[in-house]
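Please find below a short set of numbered comments, intended to be read alongside the sequence and the model.

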Amino acid sequence: MAWFKKTRKPMVAPAKEKASRVPEGLWVKCPDCSQAIYNKDLATNLGVCPKCAHHFRISAAERLRMLFDGEWIEYDKDLTSTDPLLFTDTKPYRARLKAGVEETGLKDAVIVASGAIDGIDTILAAMEYAFIGGSMGVVVGEKITRAIEMAIDGRKPVIIVSCSGGARMMEGALSLMQMAKVSAALARLDRERLPFISVLTDPTTGGVTASFAMLGDLNIAEPKALIGFAGPRVIEQTIRQKLPDGFQRSEFLLEHGMLDLVIDRREIKGTIARALRFMGTDAAVAAPVAVATTTAATPVLTQDT
Ligand SMILES: [Zn+2]
């Protein structure tokens, strides 16, 4: 009798049926605390884990829904890249654009819209990571620049929610030029004394960090978001030093003076509204509106009396 011999069991393929019993997409496992979260609960909680406050990545459309009071007007919806370099890497850039359109329903990696945030009229640009990594090409740069110009014309504040891997390499130097273009537009906004609030979400890297994402009058980030220019591996190889823990995360950047605030997604809307009121935009924006309402209200009052 063999005391220590293992009785052999034939190898069994893992049961696939078990996994498929739960309909796909109904539950999500939190990557931080491993809690299973009901998808609808996650949606009502703005994509934040109810147990450990892990911030899931949300789409640009969800971002708009989260920040605006109600309806919004979208601009330059149909602006598309012309693939100026006829670029091909592992697959043609045109095929990547097409896949992005199919996946997100957007024509490029940003949504620009105007609407009210807690009653304050604002111009908002939200980047979509699912569209070629939220990369900034000619279209993203142009849409954001037009948004800023529109804000100057309408005397409205600008909010940009960044979620991007940086400049779009398939458009080469043309994508890099967007950094200067958007920054110049923001300088004009600044000269007009209109506020710009930058919201940095996970991830905000490369040319987006190196331009508009860090130029806010107020730079707000979501907790534990990856924010940086080059990736940690590249930096380690260049400086030949081990990087500290939490390097390039929001909290680390806040500690080192690169950000103004790190706040929970559920409080971002309230914080933006408070900041805009503090900056005095509410008065600046509301003034012409107030005049309009009083002139409109006067005939009503005279009718009553
Ligand atoms: Zn969690």
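1. In this predicted model, a zinc ion is coordinated by the SG atoms of C30, C33, C49 and C52, at 2.3 Å. The angles among the four donor atoms are 106 to 113°, and the site is tetrahedral. For reference, the ideal angle for four tetrahedral donors is 109.5 degrees.

2. Along the sequence, the zinc donors follow the spacing C-x2-C-x15-C-x2-C. Distant parts of the chain are thereby linked: C30 belongs to the loop between β1 (27–29) and β2 (36–38), whereas C49, 19 residues apart from C30, belongs to the loop between α2 (39–44) and α3 (60–67). Both C30 and C49 are buried.

3. Strand β5 (residues 120–127) has seven of its eight residues buried, so the rest of the structure largely encloses this strand. Strand β4 (residues 110–117) runs antiparallel to β5, and eight bridges join the two; G115 stands opposite T122 in β5. The hairpin of β4 and β5 has two residues between the strands, and D118 there takes a positive phi near 50°.

4. Strand β5 also pairs with β6 (residues 158–164), here in parallel and through four bridges. In this pairing, I123 stands opposite V158 in β6. The chain passes from β5 to β6 by way of helix α5 (residues 138–154), a β-α-β crossover that is right-handed.

5. Is E267 buried or exposed? Its relative accessibility is 48%, and exposed requires over 50%, so E267 counts as partly exposed. E267 lies in the loop between β9 (261–262) and α10 (268–278). E222 is 45 residues from E267 in sequence, with 9.9 Å between their C-alpha atoms.

Notes: Residues numbered from 1 in each chain as written. Predicted model: local features only at pLDDT ≥ 70, side-chain atom pairs only at ≥ 80, totals over all residues. Heavy atoms only, no water. Donors = N, O, S within 2.8 Å, 3.2 Å for Na, K, Ca; no water. Tetrahedral: all angles 85-135°; square planar, octahedral: opposite > 155°, others 65-115°. Buried < 20%, exposed > 50% of the residue type's maximum accessible area, 1.4 Å probe, protein only. Pairing = 2+ DSSP bridges. Right-handed = clockwise from strand over helix to strand, strands pointing away.
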